[in-house]
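Here are my notes on the model you sent, set out as numbered points. Please read them with the structure open beside you.

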Amino acid sequence: MRHMRLTVVMTLLLTVMTGLQAQEQTEDLDAKYGTQLLKPGEKAPDFQLRDTNGKLFDLQKILNKGYVLIDFWASWCGDCRKDMPAMQKLSEQYWADGLQCVGVSFDTDSAKWKHAVGNVYRLIGIQVSELKPWKESQVSKDYHVSWLPTMYLLNPDGTVNMATVSVGKLTERLASLKASGLFDPYKITVPKYKGGVPALQKFLMTNLKYPRACQKAGMQARVMVGFSVDTDGSISDVNIDSYEDKGSIVPRVNSLTKDERDKIAAQCRQLFEREAMRIVSIMPAWTPGMQGQEKVRVKYHLPISFKF
């Protein structure tokens, strides 16, 4: 077998969104579905909801730190799925400007909601839900939601900047705020691995272990690991964002039946994900991110490739 090498690439989600254009609507959906939404200048109702880990999230605790985007959606909503790629790109583009994103789901099935959050709706931010039907949800009533998706952009003081059912209009408003310099006081300086990317590469290359069973089978994969850099630089909330099976380079494995190959692939996925989470969990402390003069907690995403 050829010499094994592990390729580890660091990617900061400081993606510059290009080519995102607001799609022309044949009708003004706000005029049809958004007439009852809260108006600019009104105080946004507070809410406390559980996130995907069961932790209680309080809207009030993130105010005064930047603009807040609240997206009301559901995994069963076709229009939500259509807008998800654009919403994800917006969260990536503006997170370093201090934009805090909150996804409020009207799913009632916890497993389906968490699956959508982990595999489809990858908003950079917090995801919460009452796990109640849309029309029975108190937060839906408080925000006068009559169409999904519905997006609210809140000013740092907790008042409504805009409410819309159009991702195109939201895109235009965010671009306008940035062009006007209104994001500037809330910009985030990203955390840094001590010694920079070369030092991080060296740490990962030295400590990452190729699972023996997967090495023998010639299996390859790419694991995207999410984690938070806390205000003290420590690593927390390590999780698997996505997994991509790259297959095997061993002819013997490729000649097996589909069921046999699937069994090997499933075993290696478990081993690869476990190793990727382990290596991220033992990383030494980083230099924390800053927002103005305040240290802030920042979410990172790190792709780790197991490759021969």
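1. Is aspartate 28 buried, partly exposed or exposed? In this predicted model, aspartate 28 has a relative accessible area of 40% and is therefore partly exposed, since that value falls between the limits of 20% for buried and 50% for exposed.

2. Aspartate 28 is also one half of a salt bridge, its partner being lysine 169, and the closest N and O atoms of the two are 3.0 Å apart. The pair links distant parts of the chain, with aspartate 28 in the loop between β1 (5-8) and α1 (29-33) and lysine 169 in helix α5 (residues 167-179), 141 residues apart. Lysine 169, with a relative accessible area of 31%, is likewise partly exposed. A search of the whole structure finds 13 salt bridges, and this pair is one of them.

3. Arginine 297 deserves a separate look. One salt bridge runs from arginine 297 to aspartate 230, where the closest N and O atoms are 2.5 Å apart. Here too distant parts of the chain are linked, because arginine 297 sits in the loop between β13 (294-296) and β14 (298-307), whereas aspartate 230 belongs to the loop between β10 (219-229) and β11 (235-248), 67 residues apart. Arginine 297 is partly exposed at a relative accessible area of 46%, while aspartate 230, at 15%, counts as buried.

4. A salt bridge also joins arginine 297 to aspartate 237, with the closest N and O atoms 2.0 Å apart. Aspartate 237 lies in strand β11 and arginine 297 in the loop between β13 and β14, so this pair ties together parts that are 60 residues apart in sequence. Aspartate 237 has a relative accessibility of 32% and counts as partly exposed. Through shared partners, salt bridges join Lys55, Asp230, Asp237 and Arg297 into one network.

5. Turning to helix α3 (residues 110-119), the residues Trp113, Ala116 and Val117 are buried. Viewed down the axis of α3, the buried residues fall within an arc of 100°, and they therefore line one face of the helix. These buried residues pack against four strands, namely β2 (48-51), β4 (68-73), β5 (100-105) and β6 (126-129). On the face turned away from the buried side, α3 carries the exposed residues Ala111 and Lys112.

6. At the start of α3, a side-chain oxygen of aspartate 109 comes to within 2.9 Å of the backbone nitrogen of alanine 111, and alanine 111 is one of the exposed residues on the face of α3 turned away from its buried side.

Key: Residues are numbered from 1 along each chain as its sequence is written. This is a predicted model: local features need pLDDT of at least 70, side-chain atom pairs count only at pLDDT 80 or more; totals for chains, interfaces and linings use all residues. Side-chain values use heavy atoms; hydrogens and water are left out. Buried means under 20% relative accessible area, exposed over 50%, partly exposed in between (1.4 Å probe, protein chains only). Helices (H or I, at least four residues) and strands (E, at least two) are DSSP runs, numbered from the N terminus. The arc is that of the directions from the helix axis to the C-beta atoms. Contact means heavy atoms within 4.5 Å. A polar contact is a pair of N or O atoms within 3.5 Å; within protein, one must be able to donate a hydrogen and the other to accept it, and residues adjacent in sequence count only if both atoms are side-chain atoms. A salt bridge is a side-chain nitrogen of Lys or Arg within 4 Å of a carboxyl oxygen of Asp or Glu.
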